[in-house]
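Hi,

Here is the structure I said I would pass on. Have a look at it first, and my notes follow underneath.

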Amino acid sequence: MAAIHDLECRGVRKRFGAFVAVDGVSFGIPSGSFFSILGPSGCGKTTLLRMIAGFEEPSEGDILIKGRSVLSLAPNRRNVKLVFQHLALFPMMNVAENIAYGLRCKGVARGEIARRTADVLERVGLPHAGSKDIGQLSGGQKQRIAIARCMVLDPDVLLLDEPLGALDLKLREQMKIELKMLQSQFGTTFVYITHDQSEALVMSDRVAVMNHGRFEQVGAPRELYHDPVTAFVAGFVGDSNRWPGRVLDRDPAGVRVETDSGLTLAACEAGGVLRRGDAVEVFVRPESISVTGAQATDATDATDGSGEHNRQAGRIEGTLFNGANSRILVRTSTGEQVEADLPQRGPDIGFENGAPVVLAWERTGSKCFARAGEDPAG
């Protein structure tokens, strides 16, 4: 017997006139998961969240909570709670009153309200904050109270609509860890909406990458990063160098691509079967590229004799310090700027601007996809 998901969408579609905001989305989330929907502004992720919450009605499809359709239920009867970006805490109430508000609306006895409020404050790490005014709290504390106000009602699913968007960078980094720990502690299914890939990758058990109303790929963060299945996912999740070009030929390990700048690259097919002449893009992560010093004449811009490694000559244009790593900017002999990440080696990385270098990376570090708008099977 198939396991019942806490949340399931089946062919959900939402039209606004002729515009399709959500286009036939289907997925299921196992109990106790942290599931993120990641995508750019306007991709349909918030519309999908509003349909799950009951604020929008799907044009087609079904939404199930704990195996039962909720399309006929009003938002307050779905046992789904929502944390907004701006939190929507009541400024005229203190912390305990904010948390207790939903319980009072349900007619829960006063003693039970006090017990449950104290319990949830303990679980979010603010046991003595009940008497504080909302204005006395830090940004991170407000986030925890907004979650506590939802969790005291014991929801089946907690929806979070870009809740960290209004925080400064350092607090966002701290809250990523706190949110993941809170989700694990409560054991409740979280559905998290974000356009920030770092939030999705750090916190989630699984991530759905959304584009133009559809899910391009659903998988674990490591899978999305290392094994993207579309050019959009490869370009949106993490940083990548990219070369447009056309397929020269195929071999058992993949394809060789002639880039628009005249470079020949060995690459792995990552987006379906490609044929000679197909318009493609090759993606290479900065950390996949090694940088070694060389005389300008020491490198040729080609694959090596085995066809498994790529080499390209260039000169250092700049270095960006990023804590544990440095990002090296290299202008190649074919005119592109290529980015490579190297670990720190003490006070500097040993390269000066203008120094000739050789870039090298394995075929397995090159992911090749049909170019956007092209049909590789056509």
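Which residues lie nearest the centre of the largest pocket, and how many residues line it? Bear in mind that this is a predicted model. The pocket's lining has 19 residues, and those nearest the centre are Lys81, Leu82, Tyr101, Gly102 and Leu153. As for volume, the largest pocket comes out at about 550 Å³. Strand 6 (80-83), helix 2 (95-105) and helix 4 are the elements that each give two or more residues to its lining. Helix 2 gives the most, with four residues. Sorted by class, the lining holds 13 nonpolar residues, along with three polar and three charged ones.

Since helix 2 and helix 4 both turn up in that lining, I looked at how they pack. Their axes are 7 Å apart, at an angle of about 30 degrees. Angles under 35 degrees count as roughly parallel, so that is what we call helix 2 and helix 4. They cross in a right-handed sense. On the helix 2 side the contact uses Val95, Asn98 and Ile99, which meet Ile145, Ala148 and Arg149 of helix 4. That contact splits into four nonpolar residues, one polar and one charged.

Helix 2 also packs against helix 3 (residues 110-123), with the axes coming within 10 Å and crossing at roughly 125 degrees. That angle makes helix 2 and helix 3 oblique to each other. This crossing is right-handed. From helix 2, the residues involved are Val95, Ala96, Ile99, Ala100, Leu103 and Arg104, while helix 3 brings Ile113, Arg116, Thr117, Val120 and Leu121. By class there are eight nonpolar residues here, one polar and two charged. If you are clicking through the model, note that Val95 and Ile99 of helix 2 appear in the contact with helix 4 and in the contact with helix 3.

The last pair is helix 4 (residues 139-151) with helix 5 (residues 169-186), where the angle is about 25 degrees and the axes are 10 Å apart. These two helices are therefore roughly parallel to each other. Helix 4 passes helix 5 in a right-handed crossing. Helix 4 contributes Gly139, Gly140, Gln143, Arg144, Ile147 and Met151, and across from them in helix 5 are Leu171, Met175, Glu178, Leu179, Leu182 and Phe186. The class split for this contact is seven nonpolar, three polar and two charged.

If you want somewhere to begin, I would pull up Tyr101 and Gly102, two of the residues nearest the pocket centre, and then go along helix 2 to Val95 and Ile99, which meet helix 4.

Cheers

Definitions and conventions:
Residues numbered from 1 in each chain as written. Predicted model: local features only at pLDDT ≥ 70, side-chain atom pairs only at ≥ 80, totals over all residues. Heavy atoms only, no water. Axes fitted to C-alpha atoms, helices over the stretch in contact; angles between N-to-C directions. Parallel < 35°, antiparallel > 145°, perpendicular 65-115°, else oblique. Left-handed = near helix turned anticlockwise from the far one by under 90°. Contact = heavy atoms within 4.5 Å. Nonpolar A, V, L, I, M, F, W, Y, C, P; charged D, E, K, R; others polar. 1 Å grid on protein atoms, 1.4 Å probe; cavity = no way out; pocket = protein on both sides within 12 Å on 5 of 7 lines; lining within 4 Å. Points joined across faces, edges and corners; volume = space filled by probe spheres on them.
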